[in-house]
Every structure is written in C-alpha cells, then in structure tokens.
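Let's take a walk through the charged side chains of this protein and see who pairs with whom. Have the model open as you read.

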Amino acid sequence: MADIIALTKAVKRMTKPSKIHIYTDSVYVSGVLEQDLPQKWETQGWKTSTGSDVKNADKWQELAAGLRIHEIEIHTKEDHSFREWMEREGEKHLKERSKDG
C-alpha cells in the first residue's frame, strides 16, 4: 500500500496534463496500472471480477482520480530504462555523499 500512497502523492504534484514515467519494482502496482484495472473496478462499483471488494479501494480511487488527466508509461525492474534510471540515481547519490564527506 505504501507504493500506492507514494505514487498518489507524486501524481498530485503534477497539476498540468503530462506524460508521466512511473518507475516501480512493485509487480502489484505495475500490473494494476498496465491492465487499467482502476477504470474497470470503477465501472464495476469497485468490485473485482469475482465480485469481491477491491482491496485498498480508497487508495486506488485517489490514485485513479489523479491519473485521469495524464498519460502514463510504466517501467518495471525488468525494463532497460528502469535499470538505467536506477544507475543514474545511484551515481547521483554517491556524488552527493562524496561532496558531504
């Protein structure tokens, strides 16, 4: 659930329609978003295909509302661009630490 909350907070900072690249190692979050499940759940009254209540529906509703105006692209840890991003962030972090030391 922390992944959903963090993503929602990030999306809320985007006030203009944008193309958002989401980098995640969460199979759950990437799977839900790639299958556009929040839209399907909404049309089904926030029920799963088996009729059960969607877990964390309130969090998914908040995220879905924030994403409506955006185009999203999901990058997972298997994705080459995700690995490149992680390497860049790691290098940036190391440079910042060396400046502080």
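How many salt bridges does a search of the whole structure find? The answer is seven, and keep in mind that we're looking at a predicted model. The general idea is a familiar one: side chains of opposite charge can pair when their charged atoms come close.

Start with E62 and K12. Their closest N and O atoms sit 2.4 Å apart, and the two form a salt bridge. E62 belongs to helix α4 (residues 57–67) while K12 belongs to helix α1 (residues 2–12), so this pair ties together parts that are 50 residues apart in sequence. As for the surroundings, E62 is partly exposed, at 35% relative accessibility, and K12 comes out as exposed, at 51%. The cut-off for exposed is over 50%, so K12 makes it into that class with its 51%.

Now hop over to the strands. K19 makes a salt bridge with E71, and here the closest N and O atoms are 4.0 Å apart. You'll find K19 in strand β1 (residues 19–23) and E71 in strand β2 (residues 71–75), so the pair links parts that are 52 residues apart in sequence. K19 itself is partly exposed, with a relative accessible area of 45%.

Next up is D53, which forms a salt bridge with K47, with 2.3 Å between the closest N and O atoms. D53 is exposed at 54% relative accessible area, whereas K47 is partly exposed at 31%. Back at K19, there's a bit more to see: salt bridges with shared partners join K19, E71 and E73 into one network.

How values were computed
Residues are numbered from 1 along each chain as its sequence is written. This is a predicted model: local features need pLDDT of at least 70, side-chain atom pairs count only at pLDDT 80 or more; totals for chains, interfaces and linings use all residues. Side-chain values use heavy atoms; hydrogens and water are left out. A salt bridge is a side-chain nitrogen of Lys or Arg within 4 Å of a carboxyl oxygen of Asp or Glu. Helices (H or I, at least four residues) and strands (E, at least two) are DSSP runs, numbered from the N terminus. Buried means under 20% relative accessible area, exposed over 50%, partly exposed in between (1.4 Å probe, protein chains only).
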